[in-house]
Amino acid sequence: MKRTGILFFPAFDWSLGDSHPEREERLLYTQEQLFEEGILDLPQIKQYSPRLASLHEALRAQALFPTPEVHSGSLDAHLIAAGSAILLGEARVRGEISNGFVMARPPGHHSGATSWGNRGFCSLNNEAILVNHLRARFGIKKIAIVDTDVHHGDGTQDIFYHDPNVLFISLHQDGRTLFPGSGFVNEKGGPNAWDQTLNIPLPPGTGDEGYHYVLENWVLPRLQSFAPDLIINSAGQDNHFTDPLASMKLTANGYGRITELLQPDLAVLEGGYSIEGALPYVNLAILLALAGEDYHHVREPQKPDSPALPLAALKPYFEALKNQHETIKPRFTIQGKAFFPQGTWIYSPRSVYYDTDGFEETRHDYIRECSHCGGTVYIESSRSTSPQKSVLVRIPFQACSECEQAGYDLWDHLQHHSDASTSGLLQNQLHDKLDVWSRKEGLRKF
Ligand SMILES: [Zn+2]
Ligand SMILES: [Zn+2]
């Protein structure tokens with residue numbers, strides 16, 4: 001029998017305000033609906049209880065700036081959401097379940113490789129923390145993340161942009177029409193991970209038919225050629241036609257079919273803000289599809305007030321997009337700093353707006369070009385509201401010896417040549433070691 005794990009964490013203590021769209025009722029109505037439908041009595045359903053992720057687990061995927069302690073306290077709910085993803089991921093890897101659905105909040109996919117606070121309702125990236133945990137602890141090599149939230153999964157993309165062993169695919173409403181304004185086809189990955197990021201922006205009004213067409217004709221073949229050991233679905237329910245934050249036309253049934261097509265090992269809840277009209281039904285359809293049960297009877301109470309874009313109108317758009325995607329050539333800027341270790345360094349500047357707290361993060365990203373591994377990453381980051389500067393040095397999973405050495409040289413340089421306003425994190429993914437440094441506190445292990 002196929003077993004399906006589920007885990008609820010409504011996070012009663014975490015709130016951005018009673019009328020904020022990201023609030024605890026998002027999960028309470030779902031919980032009621034699943035009880036009513038008797039889902040929890042199905043023999044294949046196994047329920048799990050949440051657990052807290054450690055700071056070590058979080059820092060494997062993300063640098064929390066200026067230092068991890070600054071975030072503690074405000075992070076508890078986020079650490080439980082991330083820990084819940086880890087718990088169900090471990091159950092999957094151990095074979096206790098064949099798939100699972102993490103229904104936890106707060107969501108995470110807008111939180112990137114460096115994080116100064118909350119952004120797009122996200123402070124920690126649940127899927128990224130899960131993925132790096134499974135790689136560090138279980139030696140899993142290749143993982144695909146398919147993000148079906150209506151918003152571009154920019155945080156997840158940022159974390160894995162230079163990682164050749166993680167395929168990141170995001171389907172979302174076109175960034176010209178929706179937060180966070182990114183996720184275009186030319187964002188295809190860094191120099192050592194070119195083509196391991198696939199963005200498919202969809203026009204507002206896309207419905208079940210159009211969505212399924214893209215999955216069948218683009219996403220599934222790409223997944224098949226990557227042949228991942230695990231597929232994680234960042235399952236955002238805000239494509240539903242009743243969602244107040246976006247303009248797509250998916251139905252609960254359409255979501256069931258997405259799950260059936262993707263066959264994820266784990267679905268992790270992201271957004272979805274139509275709390276009564278959509279979430280209970282969408283989550284139910286996803287869960288039934290995971291459990292191998294019929295989901296076609298699941299119907300949301302409301303009917304769409306206008307039809308979705310017809311497939312015939314969408315097909316030429318998809319074909320053009322695919323063409324564009326295939327013809328884009330990598331263009332990178334070679335540029336390093338005087339103190340950088342030997343090698344070719346690729347530079348890309350980046351700026352990230354934190355909508356919740358209202359400040360801008362400015363980043364200077366450098367990656368060491370390498371044909372043997374994912375390459376050393378060096379990121380300088382600062383924010384508009386403070387003079388503090390922070391640095392992330394990342395030695396990747398399966399790093400070659402040159403890239404590992406380059407990482408330690410940079411880490412050494414930081415400690416000997418930085419002023420009092422600078423702090424840093426060394427993310428040694430190769431040996432699962434995490435060091436935090438600041439002039440004031442010195443060197444500490446996490
Ligand atoms: Zn969303
Ligand atoms: Zn290397």
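1. One open sheet in this predicted model has eight strands in the order E2-E1-E4-E10-E9-E6-E7-E8, and the pairing is parallel. Strand E2 (45-48) and strand E8 (197-202) are the edge strands, each pairing on one side only. From one strand to the next, the twist averages 15°.

2. Within this sheet, strand E6 (residues 143-147) and strand E7 (residues 166-173) are joined by five bridges in the parallel sense. Ile-143 stands opposite Val-166 of E7.

3. Two helices that pack on this sheet can be described together. Helix H4 (residues 76-93) touches strand E1 (4-9), E2, strand E4 (99-104), strand E9 (230-235) and E10, and its direction makes about 170° with that of E1. Helix H9 touches E1, E2, E4 and E10, with a direction at about 160° to that of E4.

4. A further open sheet, also of eight strands, has the order E11-E12-E13-E14-E15-E16-E17-E18; here the pairing is mixed. Its edges are E11 and strand E18 (442-445); each has a single partner strand, so one side of each lacks a neighbour in the sheet.

5. Not every pair in a mixed sheet needs separate comment, but E15 with E16 is worth listing. Strand E15 (residues 389-395) and strand E16 (residues 422-428) run parallel and share seven bridges. Leu-392 has Leu-425 in E16 as its bridge partner. Helix H11 (residues 401-417) lies across E12, strand E13 (359-368), E14, E15, E16, strand E17 (433-438) and E18, and runs at about 160° to E16.

6. Turning to the side chains, a search of the whole structure gives 13 aromatic pairs. One of them is Phe-121 with Tyr-273: the ring centres are 5.5 Å apart and the planes stand at 85°, so the pair is edge-to-face. Phe-121 is in the loop between strand E5 (114-115) and helix H5 (126-138), while Tyr-273 is in the loop between strand E10 (266-269) and helix H9 (279-290), so the contact ties together parts 152 residues apart in sequence. Phe-121 has 14% relative accessibility and therefore counts as buried. Tyr-273 is buried as well, at a relative accessible area of 7%.

7. Phe-340 and Tyr-378 make another edge-to-face pair, 5.2 Å from centre to centre with 75° between the planes. Phe-340 sits in the loop between strand E11 (333-334) and strand E12 (345-354), and Tyr-378 belongs to strand E14 (residues 377-383), so this pair links parts that are 38 residues apart in sequence. At 10% relative accessibility, Phe-340 falls under the 20% limit and so counts as buried. Tyr-378 is likewise buried, with a relative accessible area of 4%.

8. Phe-340 and Tyr-378 also belong to an aromatic cluster, together with Phe-339, Trp-345, Tyr-347 and Tyr-366.

9. Which charged residues lie over aromatic faces? Lys-142 is one, lying over the face of Phe-226 at 4.9 Å from the ring centre. Another is Arg-383, which lies over the face of Phe-359 at 5.3 Å from the ring centre. Arg-383 falls within strand E14 (residues 377-383), and Phe-359 within strand E13 (359-368).

Methods:
Residues numbered from 1 in each chain as written. Chains lettered and ligands numbered in written order. Predicted model: local features only at pLDDT ≥ 70, side-chain atom pairs only at ≥ 80, totals over all residues. Heavy atoms only, no water. Phe/Tyr/Trp six-rings, centres within 6.5 Å; stacked < 30°, edge-to-face > 60°. Helix = DSSP H or I, 4+ residues; strand = E, 2+ residues; numbered from the N terminus. Buried < 20%, exposed > 50% of the residue type's maximum accessible area, 1.4 Å probe, protein only. Lys NZ or Arg CZ within 6 Å of the ring centre and 35° of its normal. Pairing = 2+ DSSP bridges. Contact = heavy atoms within 4.5 Å. Axes fitted to C-alpha atoms, helices over the stretch in contact; angles between N-to-C directions.
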